[in-house]
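Student: Hey, got a minute to walk me through a model? I'd like to know what I'm looking at before I read anything into it.

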Amino acid sequence: MDAEHVSPPDAWAAAERAARASYGRLVALLAAPTGDLALAEDALSGAFEQALTTWADAGVPANPEGWLLTVARNRQRDVWKSPAHRATRPLDAGGDDHTAADAVDRRLGAVASIDPIADVDPFAIPDKRLELLFVCAHPAIDPAVRTPLMLQVVLGFEASQVAAAFAVPPAAMAQRLVRAKRRIRDTRIPFAVPDRRAMAERLPPVLEAVYGCHAIAWREGAGSLAGEAQYLAVTLAALLEREPEAWGLAALVTLSLARQPAIRARNDRPPFVPLDEQDPATWDAALIAEGEEYLRRASEHAGPPGRFQLEAAIQAVHCDRRRSGATDWRALRTLYLALDGIAPSLGARVALAAVTGRIDGPDAGLAALPPEPADGFQPWWATRADLLDRAGRSGEAAEAYARAADLADDVAVRDHLLARRRRLEGG
Amino acid sequence: MRYTLLMHYPEATEEQIGAEVIEEAQRAFASYAATLQSAGALVGAEVLQPSASSTTLRLADGELQVQDGPFADTKEQLGGTIVLDVPDLDAAIDWARQAPPLQWGAIEIRPGSVYTVDGVWTPNT
């Protein structure tokens, strides 16, 4: 391998670049033959460590990804051949050593069979991240752990970072991830993209899990997860190529990201600004264009739009205010009605009532609001408060704002609702 | 890779089920077994007698206890097992969803750990 001599900090930078760009690709490739994600991750992190010392002395290899893959594979082989690993095989206690050795040979054979040229030609390293995403969101995996699993094995987040994003104690999250990986290995969930027949039933949970990453992205402690969710959604759509709902999700996540103020730094808590009070000039025009392009790709395919396409179209209508200077409430009503038709949810009904309030007046909006949900639903109370406020029913509005503030789990949202309430009482 | 399909369903007497339904179930089971066999996925299958015929052994303080009845007295009982040899969990799920007892109960798919070949334990790989 060609190498240029570099100082240790450059080695760090090169390793980090390689890590960011290819973590998921390498884990997918290393784990695919046996389904052992934990071992693949261990082998890869060992290879990264080795890279830091080796590359600092000998220079960064011409093909860092191929180098990491080769070193990680050697580490996997060492583990498979080790007495400790073989002792953990179910049978070794009782003892036919040949069968255990055969098992190891079969594994090595499985690895060799997918790897005839990868070490030679860096461009031949296949991308198995799509397979990995289908593994993470396999129906035999607990839905609650699918998104955390994607964050860890596809994007390389530490269990502690995932735990923070989900507001779960780190030890508990680590335990869940370990269990899920063990399950993938032991039940032999295949690293395979479902065929067309199975796609209709297998794709929705994958989209759902990527959407889950997007949904938690703005929670406190989630850091820069919003950009990662977008990366994941776009990667999924690009790898699938022709799935309209995957492009719809990519569009939804990209357009939402476009409206977020410049990436929030950790500990930086900008005040919450409701969508219709946001200044469109602060939105990211490049991301809006990108999101619109994904939405266009989604609609290239025949058939009625799915849930994510409709949600993306709703975002696109909001984003269009940057160009037109006004919100097209009627377009929003059409889209929310369609969304309520194919994917009814309390959230969509509440949003529809808010839009109705803008078109037909606050009383019509209040009438369109579904009955009070038994377990407090923050958007219902916030929307009711806003509609009452617009209808001039200050007393009831103040009460509803207080209720909505109580239910808000985001501090900035709570502050905003309480400020509204104060403004009412002041006036 | 071997998987065992554990078929759990509520127990009922022949009278409760009715002769016609039983005949239909038997036809479905026969065709299912034939399909598995011709696909090369079937290792073996067994439908069990009702759990009332079960005898459960246990050691209590080293003493053998023999008890009439099943291991756990639940509404749904283990009614039979089918052992498959297929490449992965997706293949096992595909076969399990075609199993007749899915119409009247639940099917648990459990990967095997070890199995015997000519009386010698062999790892399931």
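Tutor: Sure, vocabulary first: helices (H or I, at least four residues) and strands (E, at least two) are DSSP runs, numbered from the N terminus. With that in hand, A:Arg73 is found in helix H3 (residues 64-81) of chain A.

Student: Is A:Arg73 buried or exposed?

Tutor: A:Arg73 counts as buried, because its relative accessibility is 4%. The cut-offs are under 20% relative accessible area for buried, over 50% for exposed, and partly exposed in between (1.4 Å probe, protein chains only). A:Arg73 and A:Leu44 sit 8.3 Å apart, C-alpha to C-alpha, with their positions 29 residues apart in sequence.

Student: OK, where do these coordinates and numbers come from?

Tutor: This is a predicted model, where local features need pLDDT of at least 70, side-chain atom pairs count only at pLDDT 80 or more, and totals for chains, interfaces and linings use all residues. Residues are numbered from 1 along each chain as its sequence is written, chains are lettered from A and ligands numbered from 1 in the order in which they are written, and side-chain values use heavy atoms, with hydrogens and water left out.

Student: What does the pLDDT look like for chain A?

Tutor: pLDDT is the predictor's confidence in each residue, from 0 to 100. Chain A averages 85, and 82% of its residues score at least 70. Among the elements of chain A, helix H18 (residues 362-368) has the highest mean, 97, and strand E1 (residues 3-4) the lowest, 48.

Student: Which stretch stays under 50?

Tutor: Residues 111-122 of chain A do, and the model gives them 15 contacts beyond four places in sequence; contact means heavy atoms within 4.5 Å. Residues 262-267 of chain A are also below 50, with two contacts beyond near neighbours in sequence. Where pLDDT is low, the predicted coordinates should not be read in detail.

Student: Noted. How many helices and strands does chain A have?

Tutor: Chain A comes to 21 helices and two strands. Of its 427 residues, 49% are buried. Taking contacts in chain A between residues at least 6 apart in sequence, 67% join residues at least 24 apart.

Student: How do H12(A) and H14(A) cross?

Tutor: The axes of helix H12 (residues 244-259) and helix H14 (residues 307-319) of chain A come within 7 Å and cross at roughly 30°. That makes H12(A) roughly parallel to H14(A). Axes are lines fitted to C-alpha atoms, for helices over the stretch in contact, and angles run from 0 to 180 degrees between N-to-C directions. Angles under 35 degrees count as roughly parallel, over 145 as roughly antiparallel, 65 to 115 as roughly perpendicular and the rest as oblique.

Student: Which residues make the contact?

Tutor: Among them are A:Leu249, A:Leu252 and A:Leu255 of H12(A), and A:Phe308, A:Ala312 and A:Cys319 of H14(A).

Student: Switching topic: where is A:Thr383?

Tutor: In helix H19 (residues 378-390) of chain A. A:Thr383 is buried, with a relative accessible area of 14%. Leaving aside neighbours within four places in sequence, A:Thr383 touches A:Val350, A:Ala354 and A:Leu369.

Student: Last one, what about the phi of A:Ala167?

Tutor: Phi is near 55° there, a positive value in a residue other than glycine. A:Ala167 is in the loop between helix H8 (159-165) and helix H9 (170-186) of chain A, and is exposed at 65% relative accessible area. In chain B, B:Asp118 has a positive phi near 50°, and lies in the loop between strand E7 (114-117) and strand E8 (120-123).
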